[in-house]
Each structure stands twice: as structure tokens, then as C-alpha cells.
Amino acid sequence: MDKELNNDKKAGTKPMLATGFLDLIIQEIETFTKLENNWDGHGALPLLIEVYNNSKLIILKLKINPSDFYPNPNGTLSIDYERNKNGVYLEIGKTEFSFYTKGEKVEFKNIIAITEENLNELEIFVNDYVL
């Protein structure tokens, strides 16, 4: 789901997204909840409803076009945010999320509770690192 963003970093603005684009991403992620058990042939679970709800919350909080997103075999979701040589890679679960960065520095943040405070910190981190 790559799309070029209109990003005016000098003016300090966030990337502009096509109207409704985040809604389309959320709709596509919702389809992962309808995957059959064993969808990968190795016992994979469909995306868990709690994970879908958390993913929706995070996507709407960040308001940034993800570079990629995909279900994982254990019912979680990965969301990637990349720009130039930097990236932030999230895995979202039922009550927690983890992420790591790749680029000038590598950083790991494991098992972070999904709270308003932690999502605010994630938003600042992603904006600083990827935008």
C-alpha cells in the first residue's frame, strides 16, 4: 500500500493523506480477522478482534500512511512506517505492542501496554524518526 505523501517538512506539517485513505487501510486490516484458521498452512490464527481494534486505534492516532501492514501467524498485526533510510516496525497484540527502529540508530521497545500515554509517546517517536 505504498503511496507518496505530500510532506512539507520545512513548514512543520504532517504528511497529507488522500481523504479516507486511513479508512481504506483499516478496512483492509479488518479483512484479516476473517482469515481461516491455519491460513498459512502452519496453524496460523486469523487476526484477533482485540488486535484489530488496537491497530485501528494506533493508525488513527498516528495519522500517517503505513508503508506496509500484515497479519502474523499468532493473531497479531505488524505495521511498518518507513521513510528514506529510517523505519519504525510495530507488532500489535491484544493488550500490548512492541517496536524496533532501523536506520541511523537501532532501538527496541518491547511489551508496551496500550495506554493513552504510551500511544502519545509512540506518536512523538514515529513523527521524529520517520517524518
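This is a short conversation about ring pairs and salt bridges in a predicted model.

Visitor: How many aromatic pairs does the structure hold?
Guide: There are six aromatic pairs.

Visitor: Let's take Phe32 and Phe69. What makes the pair tilted?
Guide: The ring centres of Phe32 and Phe69 are 6.3 Å apart, and a pair needs centres within 6.5 Å, so the two rings count as a pair. Their planes stand at 50°. Stacked would need under 30 degrees and edge-to-face over 60, so this pair is tilted.

Visitor: Where in the chain do Phe32 and Phe69 lie?
Guide: Phe32 is in the loop between helix H1 (21-31) and helix H2 (49-62), while Phe69 belongs to strand E1 (residues 68-71). With their positions 37 residues apart, the pair links distant parts of the chain.

Visitor: How do you know whether Phe32 is buried or exposed?
Guide: Buried means under 20% relative accessible area. Phe32 has 13%, so Phe32 is buried. Phe69 has 6%, so Phe69 is buried by that rule too.

Visitor: Why is the pair of Phe125 and Tyr129 called stacked?
Guide: There are 5° between the planes of Phe125 and Tyr129. The cut-off for stacked is under 30 degrees, so the name fits. The centre-to-centre distance is 5.9 Å. Both residues lie in helix H3 (residues 116-130), four residues apart, which is about one turn of the helix. Together with Phe97 and Phe99, Phe125 and Tyr129 form one aromatic cluster.

Visitor: What makes Tyr129 count as buried or exposed?
Guide: The relative accessibility of Tyr129 is 10%, under the 20% limit, so Tyr129 counts as buried. Phe125, at 17%, is buried for that reason as well.

Visitor: Now to the charged side chains. How do you know that Lys61 and Glu116 meet in a salt bridge?
Guide: The N to O distance between Lys61 and Glu116 is 3.3 Å. A salt bridge needs the two atoms within 4 Å, so this pair qualifies. Lys61 is in helix H2 and Glu116 in helix H3, 55 residues apart.

Visitor: Which residues are joined with Lys61 into one network?
Guide: Glu116 and Glu123 are, through salt bridges that share partners. For Lys61 and Glu123, the closest N and O atoms are 3.7 Å apart. Glu123 is buried, because its relative accessible area of 18% is under 20%.

Visitor: Why is Lys109 called partly exposed?
Guide: Partly exposed covers values between 20% and 50%, and Lys109 has 32%, so the label fits. Lys109 also meets Glu107 in a salt bridge, at 3.3 Å from N to O.

Key:
Residues numbered from 1 in each chain as written. Predicted model: local features only at pLDDT ≥ 70, side-chain atom pairs only at ≥ 80, totals over all residues. Heavy atoms only, no water. Helix = DSSP H or I, 4+ residues; strand = E, 2+ residues; numbered from the N terminus. Buried < 20%, exposed > 50% of the residue type's maximum accessible area, 1.4 Å probe, protein only.
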